[in-house]
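Here are a few notes to read alongside the structure. Take them in order, and keep the view open as you go.

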Amino acid sequence: MVTVNGQFPGPRIEAREGDQVVVKVVNHVQNNITIHWHGIRQLGSGWADGPAYITQCPIQTGQSYVYNFTIVGQRGTLWWHAHHSWLRATVYGPLIILPKRGVPYPFPKPYKEVPILFGEWFNEDPEAVIVQSLQTGGGPNVSEAYTINGLPGPLYNCSAQDTFKLKVKPGKTYLLRLINAALNADLFFSVANHSMTVVETDASYAKPFETDTILIGPGETTNVLLRTKPGSPNATFFMAARPYNTGLGTIDNTTVAGLLEYTSTSPSSMKNLPLLKPTLPAINDTAAAANFSTKLRSLATLQFRASVPQTVDRRFYFTVGLGTRPCPKNQTCQGPNGTKFAASVNNVSFVLPSMALLQAHYLGQSDGVYTTDFPNNPPFPFNYTGTPPNNTFVTNGTKVVVLPFDTNVELVMQDTSIQGAESHPLHLHGHNFYIVGQGFGNYDPVNDPAKFNLVDPIERNTAGVPSGGWVAIRFRADNPGVWLMHCHFDVHLSWGLTMAWVVNDGALPGQKLPPPPSNLPKC
């Protein structure tokens, strides 16, 4: 497996708001690779964002690249991961940004902080899995297990010795920094007989609320406070996660578990204690998923404002979902009705260029690399969440949307029922955004905007488009560069569910994209 510094998950990076972070990445493996600093705004440092063929060419075998960026106006839990093919199956780790010295959390100071990374484990090389899927046109083989901090736990065969154990003291508050690094699964997470208080999502503080179950999509982070019981409870507790999924394809429908153990219990008596298990929602419990996501609100205080754009300069309506492409001649394909699976935004399935988009934009050499005619609205209107159309073929292209600096954007992303409705965790690079509205069925441009929350909507970098529904986001395009927006299910990313925004320079010197570093990898 491909790892960073021989570790799985990879090493923890800890910094403070305002710090400059410099990471030298040396590629000792046969795969091309890049690293993405997921959720970092990269203000003025777009060359360090990391997605292959978007802001840089991959780092080739024997080559290196220095990622250099400053953390501006951000604190909380983020993460880093490979951003080329399916290498992030094993190449990922936590990126924890502490507040500036002397600045407290806006919630009770925890006794201890614990990163918890959910991942997926494949017995075969994940690169071989996606290569086979793209060749045959069918769905990829699913993972064998989910992991907590790299460990599958006691619910899988022969894995009891590989169990993450969180040892806690009675009457203490623990900050769990939850990160979903799984390739292709939204996850429900719960701790038996303990409730959690949500205080942050995607490194943005949230209005605290108590819950028994967390929903966390790939790419998303959630910080929760876990208050332990006042005395020794004479029991051990499972902390468990399993997928939320409504799609038609095969999925790894297993459960990963770790143990919550109280240190006040003697090791000898621990073996005889009852083991309590949480009750997790059913795999297709969309009501539970919506119940959680609609509770999220920004803290929206004087210190931590919710800077929601109150006016809109450009409105977009994007359909996101699956489709098909024709099977090549003289080949048998395993997708729907002998086709190949594809995925698209507004029916455009993204084709990776051979030159990094940011380089082409900076040099003014977009001809033959990308076009600027990405559709603002679906090119073929239909009942998006009803009976799908007969023609499910997508178009292929490397298309972008160009935005003037400081444009206030409103984007509605609509799930479609083609090949089955399902949620899609959409991640925007280079910007945070506010989720101002969401609902089921088709978005109604006449009546739905009246219900938008423009006061304290949650601020995120990854938004779950509800299964059979829509989500509306607003953001200010104040970061010059080229920024990918894609589904964080890697299978959908591989099938083309992605697009890019080009944000032009502003008028002032600090609003311009700087030149590329001298060691930027070449294609």
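1. Is Tyr174 buried or exposed? At 1% relative accessibility, Tyr174 counts as buried, because the limit for that label is under 20%. Bear in mind that this is a predicted model. Tyr174 sits in strand S10, which runs over residues 173-180.

2. Now look for the ring partner of Tyr174. The rings of Tyr174 and Tyr111 have their centres 5.7 Å apart and their planes at 75 degrees, so this pair is edge-to-face. The two residues are 63 apart in the chain, and the pair links distant parts of it. Tyr111 comes from the loop between strand S6 (92-98) and strand S7 (112-121). With a relative accessibility of 40%, Tyr111 counts as partly exposed, whereas Tyr174 counts as buried.

3. That pair has company: a search of the whole structure turns up 27 aromatic pairs. Another one to pull up is Trp37 with Phe69, where the ring centres are 5.6 Å apart and the planes meet at 40 degrees, so the pair is tilted. This pair also links distant parts of the chain, with Trp37 in strand S3 (residues 35-38) and Phe69 in strand S4 (residues 64-70), 32 residues apart. Trp37 is buried at 2% relative accessibility, and Phe69 is buried at 1%.

4. Rings can also join up into a group. Tyr317, Phe382, Tyr384, Tyr443, Phe452 and Trp470 are linked into a cluster by ring pairs. I'd colour these six residues together when you look at them.

5. Next, a charged residue worth a second look. Glu127 belongs to helix H1 (residues 126-136). Glu127 is buried yet has no salt bridge. How far away is the nearest side chain of opposite charge? That side chain belongs to Arg88, and it is 10 Å away; a salt bridge would need a nitrogen-to-oxygen distance within 4 Å. Leaving out residues up to four places away in sequence, Glu127 touches Asn31, Ser85, Trp86 and Leu87.

6. One of those contacts, Ser85, has a backbone feature of its own. Ser85 has a positive phi of about 55 degrees although it is not a glycine. Most residues other than glycine have a negative phi. Ser85 lies in the loop between strand S5 (76-82) and S6, and it is partly exposed, with a relative accessible area of 36%.

7. Asn346 raises a similar point: it is not a glycine, but its phi is positive, at about 50 degrees. You'll find Asn346 in the loop between strand S20 (340-345) and strand S21 (348-350). Asn346 counts as buried, with 0% relative accessibility.

8. While checking the backbone, look at the start of the chain too. The peptide bond from Phe8 to Pro9 is cis, with omega near -10 degrees. Most peptide bonds are trans. Pro9 is placed in the segment before strand S1 (13-16).

9. Last, helix H3 (residues 286-293). Which of its residues are buried? They are Ala289, Ala290 and Phe292. These residues cover an arc of only 160 degrees around the axis, so they lie on the same side of H3. Among the elements that cover them are strand S11 (186-191), strand S12 (196-201), strand S13 (204-211), strand S14 (213-216), strand S16 (236-244) and strand S26 (433-440).

Methods. Residues are numbered from 1 along each chain as its sequence is written. This is a predicted model: local features need pLDDT of at least 70, side-chain atom pairs count only at pLDDT 80 or more; totals for chains, interfaces and linings use all residues. Side-chain values use heavy atoms; hydrogens and water are left out. Helices (H or I, at least four residues) and strands (E, at least two) are DSSP runs, numbered from the N terminus. Buried means under 20% relative accessible area, exposed over 50%, partly exposed in between (1.4 Å probe, protein chains only). Lys and Arg count as positive and Asp and Glu as negative; His and the chain ends are not counted. Contact means heavy atoms within 4.5 Å. Rings of Phe, Tyr and Trp (its six-membered ring) pair if their centres lie within 6.5 Å; planes under 30 degrees apart count as stacked, over 60 as edge-to-face and the rest as tilted. The arc is that of the directions from the helix axis to the C-beta atoms.
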